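Got a protein in front of you and wondering what the labels on it are based on? Let's go through some of them, one question at a time.

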Amino acid sequence: VYAYGLRNPFGGAWRASDGKLYEVENGPNVDRFAQVNRGEDYGWDGSNSSMQINAIYNWNPASAPINITFAQNETFAGSQLPADMLDHAFVSQSGVTYASGPQRTGKRITEFALDADGSLLSGPESLIEYVGSGRFTVAALAAGPDGLYFSSLYEDSGNAGPVAPGAKIYRVRYINPIQGDYDIDGDIDAQDFSKWLSTYNSNLLLAADGDQNGVVDQADFSIWRSL
């Protein structure tokens, strides 16, 4: 057993900067966001008040946090997000199950800034929110090579019920004011090319071999920059 006293953890993620595990957890009427430390007791005893033990943040009323991910250089070179969003936690909140339209307690992704020890600096700040009239809500969430990827939980219209196929995957990405400026320093240079390459595994590097000579090098950077 790694840790005790958690009520209903839905999502967890490791933060590279401190090597710590973080989780989001559903309670009866109060939800919890916490750093999980080995051997620690988080005190769940059946009460809402026990959900406050060792919490970074509590949602009250509950908002059904489902998944958590970090935007960080160690994961897809920061997902092409700006520097002031790196090392932040992003949480998907589903809210009331199969509810229609916008929901005060859910259907969103929220952002938290944490300090080096994992204490709350700011947040939650809403990154995206559902504003439609359907059954859509946010569920799966993960950092990818070019943004945050998330899924809906239901087909939006609800015409065929909650188990109907039709849920979708979406991407939230930063629209860089300078195309190709992957390190967001205002210049397009070899560092941007290197950061772009780092988002791909070795099986895909030939996609960057612009002159098709079998080697990814400075000549390819010049071709990439001209695109």
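The questions below take up salt bridges, aromatic rings and a pocket in this predicted model.

Q: Why is the contact between Arg32 and Glu25 called a salt bridge?
A: The label asks for a side-chain nitrogen of Lys or Arg within 4 Å of a carboxyl oxygen of Asp or Glu. Here the closest N and O atoms of Arg32 and Glu25 are 2.8 Å apart, so the pair fits the cut-off of 4 Å. A search of the whole structure turns up five salt bridges.

Q: Are Arg32 and Glu25 buried or exposed, and how do you know?
A: Buried means under 20% relative accessible area. Arg32 comes out at 0%, and Glu25 is at 0% too, so each one counts as buried.

Q: What makes Arg108 and Glu129 a salt bridge?
A: Their closest N and O atoms are 3.4 Å apart, and the limit is 4 Å, so the label applies.

Q: Which parts of the chain does the pair of Arg108 and Glu129 tie together?
A: Arg108 lies in strand β7 and Glu129 in strand β8, so the pair ties together parts that are 21 residues apart in sequence.

Q: Why is Arg108 called buried, and what is Glu129 called?
A: Arg108 has 11% relative accessibility, and buried means under 20%, so Arg108 counts as buried. Glu129 has 45%; partly exposed is the label between under 20% and over 50%, so Glu129 is partly exposed.

Q: How do you know that Asp146 and Arg171 form a salt bridge?
A: The N to O distance is 2.7 Å, which is checked against the 4 Å limit, so the two side chains count as meeting in a salt bridge. This pair links distant parts of the chain, 25 residues apart: Asp146 is in the loop between β9 and β10, while Arg171 is in strand β11. At 40% relative accessibility, Arg171 is partly exposed.

Q: Which residues are linked in a network of salt bridges?
A: That would be Arg15, Asp18 and Asp87.

Now for the rings.

Q: How many aromatic pairs are there, and why is the pair of Phe33 and Phe112 called tilted?
A: The search finds eleven aromatic pairs. The ring centres of Phe33 and Phe112 are 5.0 Å apart and their planes sit at 55 degrees. Under 30 degrees would be stacked and over 60 edge-to-face, so this pair is tilted. Phe33 is in strand β3 and Phe112 in strand β7, 79 residues apart in sequence. Both are buried.

Q: What makes Tyr98 and Tyr154 edge-to-face?
A: Their planes are at 70 degrees, with the ring centres 4.8 Å apart. Edge-to-face needs over 60 degrees, so the name fits. Both tyrosines, Tyr98 and Tyr154, are buried.

Q: How do you know that Arg135 lies over the face of Tyr98?
A: Arg135 is 4.4 Å from the ring centre of Tyr98. The distance limit is 6 Å, and Arg135 is listed as lying over the face.

Finally, the pocket.

Q: How much space lies in the second largest pocket, and which residues are closest to its centre?
A: About 160 Å³ of space lies there. Of the 14 residues lining the pocket, Trp59, Ser63, Gln93, Arg104 and Arg108 are closest to its centre.

Q: Which element gives the most to the lining of the second largest pocket?
A: β4 does, with three residues. By class, the lining has five nonpolar, seven polar and two charged residues.

How values were computed:
Residues are numbered from 1 along each chain as its sequence is written. This is a predicted model: local features need pLDDT of at least 70, side-chain atom pairs count only at pLDDT 80 or more; totals for chains, interfaces and linings use all residues. Side-chain values use heavy atoms; hydrogens and water are left out. On a 1 Å grid over the protein atoms alone, a cavity is a set of points where a 1.4 Å probe fits but cannot get out, and a pocket is an open set with protein on both sides within 12 Å along at least five of seven lines; lining residues have an atom within 4 Å of a point. Grid points are joined across faces, edges and corners, and a volume is the space filled by probe spheres set on the points. Helices (H or I, at least four residues) and strands (E, at least two) are DSSP runs, numbered from the N terminus. Ala, Val, Leu, Ile, Met, Phe, Trp, Tyr, Cys and Pro count as nonpolar, Asp, Glu, Lys and Arg as charged, and the others, Gly among them, as polar. Buried means under 20% relative accessible area, exposed over 50%, partly exposed in between (1.4 Å probe, protein chains only). Rings of Phe, Tyr and Trp (its six-membered ring) pair if their centres lie within 6.5 Å; planes under 30 degrees apart count as stacked, over 60 as edge-to-face and the rest as tilted. A charge sits over a ring if NZ of Lys or CZ of Arg is within 6 Å of the ring centre and within 35 degrees of the ring normal.
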